[in-house]
Amino acid sequence: MEVILYIAAIIAAIGFLILCVSVGMTLFSLKSILNSLAGTLSGIEGQMEGITRETTSLLSKTNSLAEDIQEKSEQLNSVVHAVKGIGDSVNGLNTSVQQITSSISNSVEQNEEKIAQVVQWSNVAIGIADKWKKRKIIDQAHEVVQEDVYPFESEQSEKPRRKWGRKK
């Protein structure tokens, strides 16, 4: 039985040795994995520093752009207010023009009969003026004809009259 105890102790020692060797191999493989992970983490740390610098730069540019936009927005507000004032003025002008147009339209409607009479009288006056001009032109033409008739007759009476026709 003692032999069994020695054999059991040897088997236990061999098992413990296998256990220690497998744990050692696992730790060695884990060491290479951890070294690789440490290298990756250092690379990521370097990249994170670059990303942090870029982010800081972008943040400062964004802040300056935000300030610039704020300033320009304030300047644009004054332009918008001015344009609104112009729009209000144009609306007021349109209202005034519409009121004037409607008052003229109402006046024309109220005085429509008077306007028709004025148009008729003006047509009559134009007709009379045209007839008077025509009559004046006719009278001047008669005077010219009467003045021209006498010299023509005196010239013809002095010249012998010639008969038209064949000579015999």
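The exercises below, each with a worked solution, concern a predicted model of a protein.

**Exercise 1.** Work out how many helices and strands the protein has, and what share of its residues is buried.

*Solution.* Begin with the secondary structure, where the protein shows 2 helices and 0 strands. Then turn to burial: of the 168 residues in the protein, buried residues make up 1%. Finally, consider the surface, of which the protein exposes about 16,000 Å², with carbon and sulfur atoms supplying 64% of that area.

**Exercise 2.** Find which residue pairs with Asp68 in a salt bridge, and describe where the two partners stand in the chain.

*Solution.* By the rule applied here, the count comes to 1 salt bridge. Asp68 forms a salt bridge with Lys72, and their closest N and O atoms are 3.3 Å apart, which lies within the cut-off of 4 Å. Both residues belong to helix 1 (residues 2–110), and because they are 4 residues apart there, about one helical turn separates them. As for its surroundings, Asp68 has 31% relative accessibility and so counts as partly exposed.

**Exercise 3.** Decide whether Ile33 is buried or exposed, and name the kind of surface patch that includes Ile33.

*Solution.* First locate Ile33, which is found in helix 1. Its relative accessible area is 52%, so Ile33 is exposed, the cut-off being over 50%. Ile33 is also one of the residues forming a nonpolar patch on the surface, among them Phe16, Leu30, Leu34 and Ile51, and together the patch residues have about 1,100 Å² of accessible area.

**Exercise 4.** Examine the residues that UniProt lists for "transmembrane region".

*Solution.* The unreviewed UniProt entry lists residues 6–28 under this name. In the model, the span of residues 6–28 is 100% helix and 0% strand, and its end C-alpha atoms lie 32 Å apart.

Terms used. Residues are numbered from 1 along each chain as its sequence is written. This is a predicted model: local features need pLDDT of at least 70, side-chain atom pairs count only at pLDDT 80 or more; totals for chains, interfaces and linings use all residues. Side-chain values use heavy atoms; hydrogens and water are left out. A salt bridge is a side-chain nitrogen of Lys or Arg within 4 Å of a carboxyl oxygen of Asp or Glu. Buried means under 20% relative accessible area, exposed over 50%, partly exposed in between (1.4 Å probe, protein chains only). Patches are made of residues with over 30% relative accessible area and no salt bridge: like charges are joined within 9 Å, nonpolar side chains (Val, Leu, Ile, Met, Phe, Trp, Tyr) within 5 Å. Accessible areas come from the Shrake-Rupley method with a 1.4 Å probe; for residues, only the protein chains shown count as cover. UniProt positions are given in the numbering used here, feature names are shortened, and annotations may be inferred rather than shown by experiment.
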